[in-house]
Amino acid sequence: MSSTSHSESTSTGASRAGGAGLLAGRTVSRVGFGAMQLERLKDDRGAALGILRRAVELGVDHIDTAQFYGNRFANEAIREAVRDEDGVLVVSKVGATPDPGGPYPMRLAQRPEELRTGVEDNLASLGLEQIPLVNLRRAVHGPGLRAEGEQLVDIDDQLAEMAALRDEGKIGAIGISNVGMDELRCALPVGLGCVQNAYSLVSRDDEDMLRLCLAENIAWVPYFPLGSAFPGMPKVTDEPAVLAAARSLGRTPSQIGLAWLLHHAPNVLLIPGTANPEHLEANVTAGEIALDGETLAALDAVPSRSGDIVAD
């Protein structure tokens, strides 16, 4: 399930969704697929497998997952649906673990030994000998659960464990997620394949980090690409400039928000997730949208007004 293609088409012969981008030294389609929402199809495994197969048919060869997405369900669905000949680069993450009986579906697992266990668990559920790229999900910056007590772990200790796992061949490349600029700079010497932070048209606080990643040839893979999923936070699809562009181009506001990200910087790769086949096709075709200078200027003028959200 790893990509070695360097062409404008995927291993299956499909045109690359959104064109070609680089991730951990490999060529992938710039529009990938985030597996988190597959959990919604837990009672319809066939539908989950169908979404994944359709994504591959549409030119997706970068799938982002985690052991804590549906308590292994996403990983197991990927293992069943994705074939070696599809050339899909599977990316997972560690730093949390499933907690189906807890107040949230996951709990933090930040200690080095927990990161190692997380990699082993992902390898088992994905059926892989090596995961091409694994993101270290930090928990002191950005939205979501915040570390405290024994879960407050120095990033250098975590990166040392991730590097050891890479040296052992269990992972191919290291990424980081939910980080600030200081953490990013700490991680650069280790060698990074990508950074995953919350980032969208209405949430551009990390612009300096994006530009540093561009200079360092590191992929920028935003989550919450259409604004925060938390209630009361700005949504890209509510913006008048986005709505106007959607009307003008005959597209949906969501497609405009995704297209803006692809236009914004060449190292941006997308992993929009869905459990709906029509939404999947809309997300993929967002990679075909051309935004002219006037439209881009109007979208660029939308103010960034994000703030950290902490789950408690």
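1. Two strands are taken as paired if DSSP finds at least two bridges between them. Strands E1 (residues 20-23) and E2 (residues 26-29) are joined by four bridges and run in the antiparallel sense. One of the pairings links leucine 22 to threonine 27 of E2. Two residues separate the strands of this hairpin, and alanine 24 in the turn has a positive phi of about 55°. The model is predicted.

2. Overall, the protein chain contains ten helices and eleven strands. A compact globule of 312 residues would have a radius of gyration near 20 Å, and the 18 Å of the protein chain therefore agrees with that expectation. Along the principal axes, the C-alpha atoms fill a box of roughly 50 × 40 × 40 Å.

3. Of the 312 residues, 54% count as buried. Where contacts in the protein chain join residues at least 6 apart in sequence, 73% of them link residues at least 24 apart.

4. Helix H2 (residues 73-81) gives a local view of the packing. Its buried residues are Phe73, Ala74, Asn75, Ala77, Ile78 and Ala81. An α-helix has 3.6 residues a turn, so residues three or four places apart point the same way. The buried residues of H2 pack against two helices, H1 (45-57) and H3 (112-126), and two strands, E4 (62-64) and E5 (89-94).

5. On the surface, the accessible area of the protein chain comes to about 12,700 Å², with 49% belonging to carbon and sulfur atoms. As for charge, there are 27 positive and 43 negative charges, and their mean positions are 2 Å apart.

Conventions. Residues numbered from 1 in each chain as written. Predicted model: local features only at pLDDT ≥ 70, side-chain atom pairs only at ≥ 80, totals over all residues. Heavy atoms only, no water. Rg over C-alpha atoms; globule rule 2.2 N^0.38 Å. Buried < 20%, exposed > 50% of the residue type's maximum accessible area, 1.4 Å probe, protein only. Contact = heavy atoms within 4.5 Å. Areas by Shrake-Rupley, 256 points an atom, 1.4 Å probe, with all protein chains shown as cover. Lys, Arg positive; Asp, Glu negative; His and termini not counted. Charge placed at Lys NZ, Arg CZ, Asp CG, Glu CD.
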